[in-house]
Amino acid sequence: TCYNPQMVILDLFSGAGGLSEGFFRVNSTFVGHVEADSNACKTLKTRTAYWNLKKANKLNIYNDYLLKKISTNELLEQANISSSDDVINVAISDETFNGIVKRVRKNMKNKNIKKVDLIIGGPPCQAYSVVGRARMKEKVVDDPRNFLYKYYVRFLEKFKPKMFIFENVPGILSASNGEHFTNIKTAINEAGYHMELKELIASDYGVLQDRKRIIIVGWKIDKKKKEKYEYPDFEKIKNLYTVSDV
């Protein structure tokens with residue numbers, strides 16, 4: 001299996017938490033959601049509040065929030081989120097990297113956690129997507145988002161998790177005639193990880209949307225151990241409905 005119920009996770013380039021939501025559902029523990037967009041961070045906080053309250057059998061508080069009986073701040077306070085450092089609203093860069101690492105380590109210490117088991121996330125994909133490249137034209141060559149994967153690799157080197165999951169658009173394979181993806185593979189290998197990938201389609205897993213994504217799964221290379229990891233088989237879910245049904 002690629003996770004266990006007590007897995008400790010660092011979530012990078014979190015967005016509004018679509019990838020982290022699945023790990024919340026298997027009772028994982030997060031030591032950080034790093035995201036630059038402040039509105040996405042508000043969603044990350046309210047979803048963290050939801051899962052905290054669900055564990056405590058206090059979802060009535062979350063329902064009061066949905067019904068606007070209590071404010072967002074009241075929700076976060078009652079769910080022990082207001083003073084939490086789980087959600088880190090910072091853009092990852094050379095200037096901020098060390099500060100983010102310190103905040104994650106502080107969070108780990110506060111939770112009495114010794115190590116990170118899994119890093120998840122996918123750098124912003126506008127510069128990799130076919131539509132984004134068409135829109136940006138020659139500007140895409142120098143777009144700094146092409147190189148955010150380097151920070152992902154630096155986090156792998158810093159925290160040395162057993163595994164990682166890297167999600168992105170199919171265009172990542174062809175961006176700059178495949179040069180970017182080759183560089184990503186090389187950097188991940190040099191960091192001490194083996195990776196495999198598949199193109200998965202959201203509609204195969206219960207989502208009413210034909211959205212394709214490249215999902216990379218990586219394992220830390222340990223030549224002393226004889227464990228053999230393989231890309232997990234995900235059971236497909238047959239859609240019972242169409243958009244017109246909805």
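# A tour from the whole chain to helix H8

Of the 246 residues in the chain, 43% count as buried. The model is a predicted one. Show the whole chain as a cartoon to begin: its secondary structure comes to 8 helices and 7 strands. Among contacts between residues at least 6 apart in sequence, 65% join residues at least 24 apart. Switch to a surface view; the accessible surface comes to about 14500 Å², and carbon and sulfur atoms account for 50% of that.

**Stop 1: serine 20**

Select residues 18-24, which form helix H1, and pick out serine 20 within the helix. Serine 20 has a relative accessible area of 1%, and because the cut-off for buried is under 20%, serine 20 counts as buried. Now display what surrounds this side chain. Leaving aside residues up to four places away in sequence, serine 20 touches Asp11, Phe30, His33, Leu44 and Ile120.

**Stop 2: helix H8**

Select residues 179-190, the 12 residues of helix H8. At 1.5 Å a residue this helix should span 16 Å, and its end C-alpha atoms are indeed 16 Å apart, so expectation and model agree.

Which residues of H8 are buried? Show His180, Phe181, Ile184, Ala187 and Ile188 as sticks; these are the ones. Turn the view to look down the axis of H8: the buried residues fall within an arc of 125°, so they line one face of the helix.

Next, add the elements that cover those buried residues. Among them are helix H7 (149-159) and strand S5 (163-168). Strand S6 (193-201) and strand S7 (212-220) also belong to the cover.

**Stop 3: lysine 185 and the end of H8**

Stay on H8 and select lysine 185, which lies in this helix. Lysine 185 is partly exposed, with a relative accessible area of 40%. Draw a distance from its C-alpha atom to that of methionine 195: the two residues are 10 apart along the chain, and the separation is 7.7 Å.

Then move to glycine 192, which follows H8. The phi of glycine 192 is positive, near 100°.

**Stop 4: a nonpolar patch on the surface**

Finally, select Leu208, Leu240, Tyr241, Val243 and Val246 and return to the surface view. Together they make a nonpolar surface patch of about 590 Å². Where is leucine 240, one of the patch residues, found? Leucine 240 sits in the segment after S7. Is leucine 240 buried or exposed? Its relative accessibility is 65%, so leucine 240 counts as exposed, the cut-off being over 50%.

Methods: Residues are numbered from 1 along each chain as its sequence is written. This is a predicted model: local features need pLDDT of at least 70, side-chain atom pairs count only at pLDDT 80 or more; totals for chains, interfaces and linings use all residues. Side-chain values use heavy atoms; hydrogens and water are left out. Helices (H or I, at least four residues) and strands (E, at least two) are DSSP runs, numbered from the N terminus. The expected span of a helix is 1.5 Å times one less than its number of residues. Buried means under 20% relative accessible area, exposed over 50%, partly exposed in between (1.4 Å probe, protein chains only). The arc is that of the directions from the helix axis to the C-beta atoms. Contact means heavy atoms within 4.5 Å. Patches are made of residues with over 30% relative accessible area and no salt bridge: like charges are joined within 9 Å, nonpolar side chains (Val, Leu, Ile, Met, Phe, Trp, Tyr) within 5 Å. Accessible areas come from the Shrake-Rupley method with a 1.4 Å probe; for residues, only the protein chains shown count as cover. A salt bridge is a side-chain nitrogen of Lys or Arg within 4 Å of a carboxyl oxygen of Asp or Glu.
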